[in-house]
Structure formats: C-alpha cells, structure tokens
Amino acid sequence: MENVAGVVARLNTPTHIPYTMNIRESMQAILAAESKAISEIPYTEGYDKAVNLIVEHVARRGGKLVTSGMGKAGQIALNIATTFSSTGIPAVNLHPSEAQHGDLGVLQPNDVMLLVSNSGRTREIIELVELARNLYADIPLIVISGNAESPLAKLADASLVTAAVPEVCPLGLTPTTSTTMMTVIGDILVVNVMNETGFTRADYAKRHHGGYLGTKSRR
C-alpha cells in the first residue's frame with residue numbers, strides 16, 4: 001500500500017489518490033496534496049491588474065463585478081460574488097446559459113467580469129465573452145483558469161492561472177483540487193480589494209445584519 005509521502009512525491013505526474021487507501025490515509029494524502037497545490041499557485045502581475053480593475057470600475061466608478069462559470073466552476077464563481085458583495089463590492093453571478101436568454105441585460109457600463117473555467121475552453125463561457133463584448137466592447141475580463149494558453153485566458157485583461165496539478169479524485173476527473181485553488185484565488189482577490197478600499201468592521205456590519213457574524217461585527 002502506498003504511503004502519503006509517496007503520493008505527495010508524485011503530485012506532478014498524472015496520478016491520483018488511489019482507491020487502496022483507507023479513510024485516514026486518504027484524508028492525510030488529500031490534505032497534503034491540496035495544501036501543496038495551493039502553495040504552488042504562481043504569483044503574476046495579473047493579480048495586481050485584477051485588483052486594480054475591480055477597485056477602479058466598481059469602488060470608484062460605481063459598476064459591479066459580474067462572475068460566471070459552468071458546473072462546479074460556476075458554483076465557485078457564485079461564492080466569489082457573494083463574498084465580494086459582503087465586503088463592499090457589489091457583485092452578481094450570471095449563469096452563462098441564462099445569459100443567452102435575456103439575463104445578459106444585467107451588464108452595465110463600468111462592470112467587470114470575472115470568469116472561472118479550469119480548462120479555459122468552456123464553450124458557454126467563451127460564447128458569453130462574445131455576447132458581452134458585443135454589448136460593451138471594452139468590458140474588462142478577469143479569468144481564473146488552469147491553462148495560461150487557453151482561448152479564454154488569451155481573451156483576458158487579467159489572467160490568473162492555477163498550479164498545474166491533477167485532481168485528487170481517484171479517477172482524475174472530478175473537480176476537487178482545481179476548485180480548491182479557484183476558491184483560494186477568489187479569497188486572494190477579495191482580501192486585497194478590501195485592503196485597497198479600506199473596508200472596515202463597521203462597513204461589514206452594515207452589510208451583514210443577521211447571524212453570528214452580524215453580531216460579532218457589531219461588538
């Protein structure tokens with residue numbers, strides 16, 4: 001039976017967490033693999049560009065952030081939008097298929113789009129870019145993907161690329177490691193935009209009234 005160290009040592013090859021592990025071994029290997037993947041997300045100037053685009057267009061010009069993705073990536077895009085909204089950056093999630101049936105009308109001048117696609121080739125997202133730029137030719141695009149050379153990444157004003165590692169799914173198919181990295185990249189953007197805009201605890205309390213966090217923010 002392969003040990004955790006053996007799995008971690010092979011993360012940059014097309015192998016995955018094997019079925020032969022018991023739950024404890026599998027858990028340790030998954031945590032090690034995903035932690036390593038996160039630590040290898042490369043910094044590029046794209047992060048500076050993305051933060052500056054959001055601050056300039058949303059915080060200063062009064063636009064909003066519009067996120068989008070398909071499947072699991074779409075759920076990450078929704079999470080990013082809701083986190084931004086709670087931290088002072090108005091954001092909505094636009095389903096790429098619904099966009100073709102009228103929801104594209106949510107786009108306005110000064111908006112910024114943040115698109116999430118692991119392959120960078122998702123047909124519905126590429127079509128969404130075409131539709132959006134037909135409506136507003138200069139709308140800025142921030143792209144989170146796993147392929148810097150993908151069609152979507154090449155269309156981006158700011159391209160944020162995840163580390164090229166396999167999914168921990170034993171089949172190598174189910175979005176697992178990739179969605180973890182996408183979520184972390186979203187957190188990097190949120191925190192840095194908060195820093196740039198000087199978002200305070202009092203500002204947070206005005207937007208989050210209910211639950212434990214609402215009470216905590218008003219203490």
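**View 1. Ser68 and its partner across strands 1 and 3.** In this predicted model, Ser68 has Leu115 of strand 3 as its bridge partner. The pair belongs to a longer match: strand 1 (residues 65-69) and strand 3 (residues 112-117) run parallel and share five bridges. As a reminder, strands of a sheet pair through backbone hydrogen bonds, in either a parallel or an antiparallel way.

**View 2. The whole sheet.** Stepping back, we meet an open sheet of five strands, paired in parallel and ordered 2-1-3-4-5. Its edges are strand 2 (91-93) and strand 5 (158-161), each of which pairs on one side only. From one strand to the next, the twist averages 20°.

**View 3. Strand 4 and its neighbours.** Here we follow two pairings that involve strand 4. Strand 3 and strand 4 run parallel, joined by five bridges, and Val116 stands opposite Ile144 of strand 4. Strand 4 also pairs with strand 5 in the parallel sense, over four bridges, where Ile144 stands opposite Leu160. Ile144 is thus a handy residue to find in this view, with Val116 and Leu160 as its opposite numbers.

**View 4. The two faces of strand 4.** Are the residues of strand 4 buried or exposed? Five of the five are buried, so the strand is largely enclosed by the rest of the structure. In a regular strand, side chains alternate between the two faces of the sheet. In strand 4, Leu141, Val143 and Ser145 are buried on one side, and Ile142 and Ile144 are buried on the other.

**View 5. Helices on the sheet.** Helix 6 (residues 123-135) lies across strand 1, strand 3 and strand 4 (141-145), at about 165° to strand 3. Helix 8 (residues 177-197) also packs on the sheet, where it touches strand 3, strand 4 and strand 5, and its direction makes about 160° with that of strand 3. Look as well for the right-handed β-α-β unit, made by strand 3, helix 6 and strand 4.

**View 6. Helix 2 and its two sides.** The 17 residues of helix 2 (residues 23-39) should span 24 Å at 1.5 Å a residue, and the end C-alpha atoms are indeed 24 Å apart. Buried in this helix are Ser26, Ala29, Ala33, Glu34 and Ala37. Seen down the axis of helix 2, these buried residues fall within an arc of 120°, so they line one face of the helix. A general rule helps here: an α-helix has 3.6 residues a turn, so residues three or four places apart point the same way. On the face of helix 2 turned away from the buried side sit the exposed residues Arg24, Met27, Leu31 and Ser39.

**View 7. Helix 3 and what covers it.** Helix 3 (residues 45-60) has 16 residues, which should span 22 Å at 1.5 Å a residue; its end C-alpha atoms lie 21 Å apart, in agreement. Its buried residues are Gly46, Tyr47, Ala50, Val51, Leu53, Ile54, Val55, His57 and Val58. Among the elements that cover them are strand 1, helix 4 (71-86), strand 3, strand 4, strand 5 and helix 8. Just after helix 3 comes Gly62, with a positive phi of about 85°.

**View 8. Asn110 in its loop.** Most residues other than glycine have a negative phi. Asn110 is not a glycine, yet its phi is positive, at about 75°. You can find Asn110 in the loop between helix 5 (96-99) and strand 3. With a relative accessible area of 30%, Asn110 is partly exposed.

Notes: Residues numbered from 1 in each chain as written. Predicted model: local features only at pLDDT ≥ 70, side-chain atom pairs only at ≥ 80, totals over all residues. Heavy atoms only, no water. Pairing = 2+ DSSP bridges. Axes fitted to C-alpha atoms, helices over the stretch in contact; angles between N-to-C directions. Contact = heavy atoms within 4.5 Å. Buried < 20%, exposed > 50% of the residue type's maximum accessible area, 1.4 Å probe, protein only. Right-handed = clockwise from strand over helix to strand, strands pointing away. Expected span 1.5 Å × (residues − 1). Arc of directions from axis to C-beta.
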